[in-house]
Amino acid sequence: MLEKTYQDALIPLQGELLNIEIVEPTVTPILKQEIDYCPKIVLAIPKDPQAKWLTLLRALVDSGSNKCHAKLSKMPKWIQDQALPTKDECPFTGWGSSFQAKREVTLPFRLTQFAPNRKIEHPVFLSESGSDSPTSPDMILGHDLIHKLGLDLKFNDDTPAIIWEDVEV
């Protein structure tokens, strides 16, 4: 019979070290399950100035970013035409991308998963660069908007969620 005792065992997984839980005696460690939660939501912006049609965007709720950022290429032409040059370039790095936002616009949008008919307007920096990966967000909701709206990022549970005005997503 083969018995082996492990003390504070660590195993590498994709370049990171994860704690493992060992049931003794055993030869195969049992990994603790961790939730990889990336708080993304869907928001809608008007496709035209009359807001007859809406375009859906993927947005990352990022409390680590101080301002809201969006990809210029994802904005309808009428919004691009309204964008003004910023007084100062607004650099952004995070989530595998970095860019300089040189334009800014007050963006009208709706948080469709929470209150589909409620219109919100907020300043957003627009960038002509950034990742066009299908998994990268179209917009980043920064701390300024998270605080203004009172979005609650709930990470302390087995089912992480975003809560806004008693609606949980």
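## Surface and overall make-up

The accessible surface of this protein amounts to about 11000 Å², and carbon and sulfur atoms hold 50% of that area. The structure is a predicted model. Of the 169 residues in the protein, 37% are buried.

The secondary structure consists of 2 helices and 13 strands. Among contacts with a separation of 6 or more, 54% join residues 24 or more positions apart.

## Nonpolar core

The largest nonpolar core has 31 residues, and the members that touch the most others are Leu43, Leu107 and Leu111. Two or more residues of this core come from each of strand S4 (40-46), strand S5 (54-61), helix H1 (77-82), S8, S9, strand S10 (139-141), helix H2 (143-149) and S12.

Leaving aside residues up to four places away in sequence, Leu43 touches Thr55, Leu56, Leu57, Ala59, Phe109, Arg110, Leu111, Thr112, Met139 and Leu141. Leu111, one of these contacts of Leu43, is also named with Leu43 and Leu107 among the core residues that touch the most other members.

## Ile79 in helix H1

Ile79 is placed in helix H1. Its relative accessible area is 1%, below the 20% limit, so Ile79 counts as buried. With residues up to four places away in sequence not counted, Ile79 touches Ile45, Pro46, Val105 and Leu107. Leu107 is one of the three core residues that touch the most other members.

The chain also brings Lys47 into the surroundings of this helix residue: the C-alpha atoms of Ile79 and Lys47 are separated by 8.7 Å, with the two residues 32 residues apart along the chain.

## The aromatic pair

The count of aromatic pairs comes to 1. The ring centres of Phe114 and Trp164 are 6.0 Å apart and the ring planes stand at 85 degrees; this angle is over 60 degrees, so the pair is classed as edge-to-face. Phe114 lies in the loop between strand S8 (97-109) and strand S9 (120-127), whereas Trp164 belongs to strand S12, so the pair ties together parts that are 50 residues apart in sequence.

Both partners are under the 20% limit and therefore buried: Phe114 has a relative accessibility of 9%, and Trp164 has a relative accessible area of 2%.

## The sheet S11-S12-S13

An open sheet of 3 strands runs in the order S11-S12-S13, and its pairing is antiparallel. Strand S11 (152-154) and strand S13 (167-168) are the edge strands, each paired on one side only. S11 and strand S12 (residues 161-164) are joined in the antiparallel sense over 3 bridges. On the S12 side, Ala161 is the bridge partner of Lys154.

S12 thus appears in two further settings: Trp164 of the aromatic pair lies in this strand, and S12 is among the elements that give two or more residues to the largest nonpolar core.

## The loop between S12 and S13

Two residues with positive phi sit in the loop between S12 and S13. One is Glu165, with a phi of about 50 degrees although Glu165 is not a glycine. The other is Asp166, whose phi is near 70 degrees, again a positive value in a residue other than glycine. Most residues other than glycine have a negative phi.

Asp166 has a relative accessibility of 80%, which is over 50%, so Asp166 counts as exposed. By contrast, Trp164 in strand S12 is buried, at 2% relative accessible area.

Definitions and conventions. Residues numbered from 1 in each chain as written. Predicted model: local features only at pLDDT ≥ 70, side-chain atom pairs only at ≥ 80, totals over all residues. Heavy atoms only, no water. Pairing = 2+ DSSP bridges. Helix = DSSP H or I, 4+ residues; strand = E, 2+ residues; numbered from the N terminus. Buried < 20%, exposed > 50% of the residue type's maximum accessible area, 1.4 Å probe, protein only. Contact = heavy atoms within 4.5 Å. Areas by Shrake-Rupley, 256 points an atom, 1.4 Å probe, with all protein chains shown as cover. Phe/Tyr/Trp six-rings, centres within 6.5 Å; stacked < 30°, edge-to-face > 60°. Core = buried A, V, L, I, M, F, W, Y, C linked by side-chain atoms within 4.5 Å.
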